[in-house]
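Open the model in your viewer and keep the selection box at hand. The stops below are meant to be taken in order.

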Amino acid sequence: WAVQLPGFLSMSKSAAGGTAGGLTMPLLLRAVITSVIVFALAMNPPLPWLTSRWPAWAVYPTLAAAGLCSLVFFLQKRLHHSEAEGGKAADDESRPAAFVSFQRQWMLVYLITMLADWLQGTHMYTLYSSYNQPVGLLFGIGFTSSAVFCTFLGLLVDKYGRRNGCILFCVLELIINSLEHWDSFWPLAAGRVLGGMSTSLLFTSFESWMVSEHRRRGFKEEWIAETFAFAQMGNGFMAVLAGIISQVSSDYLGDIGPFQVAIALTALALSLVSFWPENYGG
């Protein structure tokens, strides 16, 4: 959570609410009261089962960090940055509804896929260890596969379609997470080979589709940076959320739990990507 604080403080200047130059006293007072309540709950959780299921050293810092992030977000949303001084126009240009809709459409799929990807990394080591499989060898296969496929998959995605690349990623992830249920070396090794392919697709297809579609629809070039900024900040939150979800799912379903949740998320992403228009590279 602490890693996300700089992102909150440096978000877009178009934050809603607040008054020019700072916060009004009622808003500041509400922020202080809210933070006091949240921190009080963090120190004395109203749900005893939290500390009965997980260690207190993990529960208390998590709740306290969540309260701190909530406070920072509350304050940030009410800050208003004005550059009207010296005849400079404020950079508060409103975004057209078409762009906002496009941005949300892509962000939803991107964050779902990133959450599914983060979930797979949390318990992979413990899962392979419980299978008594050579963990180091399996990890080495995955990294080698990624190093090989990343050299040319981007070119194929440009040629045969970025949306097709996104769909292929989702299909591969469904296969990979299904193979993780096999307590056998060769299915797991096959999954690591496919995992190298899917990793290369994850970091080429989705972003290149967004940039190409953004330009095709005639949106301003500088707005691409805004979308990437939100995506990167959201990716950090997905990493934090993945840790929580994976812990809960493994408590109830075992080490395979996070992979099963990833299957559901990937299937959801696949259904959403299917509605995207196709675009190609030069």
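Start by selecting Cys170, which counts as buried because its relative accessibility is 0%; buried means under 20% relative accessible area, exposed over 50%, and partly exposed in between, with a 1.4 Å probe and protein chains only. This is a predicted model, in which local features need pLDDT of at least 70 and side-chain atom pairs count only at pLDDT 80 or more, while totals for chains, interfaces and linings use all residues. Residues are numbered from 1 along each chain as its sequence is written, and side-chain values use heavy atoms, with hydrogens and water left out.

Add Cys166 to the selection; Cys166 is likewise buried, at 0% relative accessibility. Is either cysteine bonded, and what is the nearest sulfur to look for? A disulfide here is a pair of cysteine sulfur atoms within 2.5 Å, and the count by this rule is 0. Cys166 is in no disulfide, and its nearest cysteine sulfur, that of Cys170, lies 7.2 Å away.Now zoom out and show the whole chain as a cartoon. The protein has 13 helices and 0 strands; helices (H or I, at least four residues) and strands (E, at least two) are DSSP runs, numbered from the N terminus. Of its 282 residues, 39% are buried. Among contacts with a separation of 6 or more, 82% join residues 24 or more positions apart, a contact being heavy atoms within 4.5 Å. Switch on the surface: about 14,700 Å² is exposed, and carbon and sulfur atoms supply 69% of it. Accessible areas come from the Shrake-Rupley method with a 1.4 Å probe, and for residues only the protein chains shown count as cover.

Next, select the aromatic side chains. The structure holds 13 aromatic pairs. Rings of Phe, Tyr and Trp (its six-membered ring) pair if their centres lie within 6.5 Å; planes under 30 degrees apart count as stacked, over 60 as edge-to-face and the rest as tilted.

Pick Trp106 and Tyr110. Their rings are stacked, 4.8 Å centre to centre with 20° between the planes. The two residues are 4 apart in helix α5, so about one helical turn separates them. Trp106 is buried at 0% relative accessible area, and Tyr110 is buried at 2%. Add Phe228: its ring centre is 6.5 Å from that of Trp106 and the planes stand at 80°, so this pair is edge-to-face. Because Trp106 lies in α5 and Phe228 in α12, the pair ties together parts 122 residues apart in sequence. Phe228 is partly exposed, at 25% relative accessibility.

For the aromatic cluster, select Phe99, Phe102, Phe169, Phe206, Trp209, Phe219, Trp223 and Trp276, which are linked by ring pairs.

Move to α11 (residues 205–216). The end C-alpha atoms of this 12-residue helix are 16 Å apart, which agrees with the expected 16 Å; the expected span is 1.5 Å times one less than the number of residues. Its buried residues include Phe206 and Trp209, both members of the aromatic cluster. The buried residues of α11 pack against α5, α8 (153–160), α9, α10 (185–202), α12 and α13. After α11 comes Gly218, with a positive phi near 80°.

Finish at α13 (residues 257–273), where 17 residues should span 24 Å and the end C-alpha atoms are 25 Å apart, which agrees. Which residues of α13 are buried? Gly257, Pro258, Phe259, Ala262, Leu265, Thr266, Ala269, Leu270 and Val273 are. Colour α5 (97–122), α6 (124–130), α9 (162–179), α11 and α12 (223–253) to see part of what covers them.
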